[in-house]
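I opened this entry to keep a record of what I looked up in the model, starting from a pocket and working outwards to single residues and the whole chain.

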Amino acid sequence: MAVRQPRYSKEEFARRGDEIYETQVRPQVEMGNYGKIVAIDIETGAFEVADEILTATGSLFKRIPDAQPWIVRIGHRAVHRFGARSLKKTV
């Protein structure tokens with residue numbers, strides 16, 4: 001298996017990914033896919049939607065072996081949550 005290398009800086013990667021998601025992908029996937037993962041190739045705009053990151057990126061790599069995937073959780077600001085919400089005090 002070939003080792004994939006990023007071809008863009010982190011900033012450029014994020015800029016491209018966010019722009020493609022907001023302008024091209026979001027209008028197509030948001031309805032009925034809340035919480036799912038979308039993997040977007042930041043060079044072609046091709047994307048795959050799945051329940052898990054590995055499934056979405058695997059499908060994208062099958063179509064575009066040299067893809068540069070940007071990952072978004074539909075309807076959320078981040079793919080993963082950080083912190084201890086379960087430790088939050090309830091009164």
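**Pocket lining**

I began with the largest pocket and noted that α1 (10–29) and β3 each contribute at least two residues to its lining. I am working from a predicted model, and I keep that in mind for everything below. The lining of this pocket comprises 14 residues, and those lying nearest its centre are Asp18, Tyr21, Val72, His76 and Arg77. For the volume of the largest pocket I wrote down about 220 Å³. Sorting the lining by class, I found 6 nonpolar, 2 polar and 6 charged residues.

**His76**

I then turned to His76, since the list of residues nearest the centre of the largest pocket includes it. His76 sits in the segment after β3, the strand that spans 69–73. Is His76 buried, exposed or partly exposed? I recorded it as partly exposed, because its relative accessibility is 31%, a value between the 20% and 50% cut-offs. Leaving aside residues up to four places away in sequence, I found that His76 touches Tyr34 and Gly35. For the pair His76 and Tyr34, which are 42 residues apart along the chain, I noted a C-alpha separation of 8.2 Å.

**Gln68**

My next stop was Gln68, which I located in the loop between α2 (53–63) and β3. Gln68 counts as buried because its relative accessibility is 3%, where the cut-off for buried is under 20%. Which residues does Gln68 touch, not counting those up to four places away in sequence? I listed Gln5, Pro6, Arg7, Tyr8 and Phe13, together with Ile40, Asp41, Ile42 and Glu43.

**The chain as a whole**

To place these residues, I went back to the secondary structure and counted 2 helices and 3 strands in the chain, which follow one another from the N terminus on as α-β-β-α-β. The chain has 91 residues, and buried residues make up 31% of them; Gln68 is one residue that counts as buried. I also looked up how the contacts are distributed: of those in the chain with a separation of 6 or more, 48% are accounted for by residues 24 or more positions apart. The contact of His76 with Tyr34 joins residues that are 42 residues apart along the chain. Last, I noted that the chain exposes about 6,800 Å², of which carbon and sulfur atoms supply 54%.

How values were computed: Residues are numbered from 1 along each chain as its sequence is written. This is a predicted model: local features need pLDDT of at least 70, side-chain atom pairs count only at pLDDT 80 or more; totals for chains, interfaces and linings use all residues. Side-chain values use heavy atoms; hydrogens and water are left out. Helices (H or I, at least four residues) and strands (E, at least two) are DSSP runs, numbered from the N terminus. Buried means under 20% relative accessible area, exposed over 50%, partly exposed in between (1.4 Å probe, protein chains only). Contact means heavy atoms within 4.5 Å. On a 1 Å grid over the protein atoms alone, a cavity is a set of points where a 1.4 Å probe fits but cannot get out, and a pocket is an open set with protein on both sides within 12 Å along at least five of seven lines; lining residues have an atom within 4 Å of a point. Grid points are joined across faces, edges and corners, and a volume is the space filled by probe spheres set on the points. Ala, Val, Leu, Ile, Met, Phe, Trp, Tyr, Cys and Pro count as nonpolar, Asp, Glu, Lys and Arg as charged, and the others, Gly among them, as polar. Accessible areas come from the Shrake-Rupley method with a 1.4 Å probe; for residues, only the protein chains shown count as cover.
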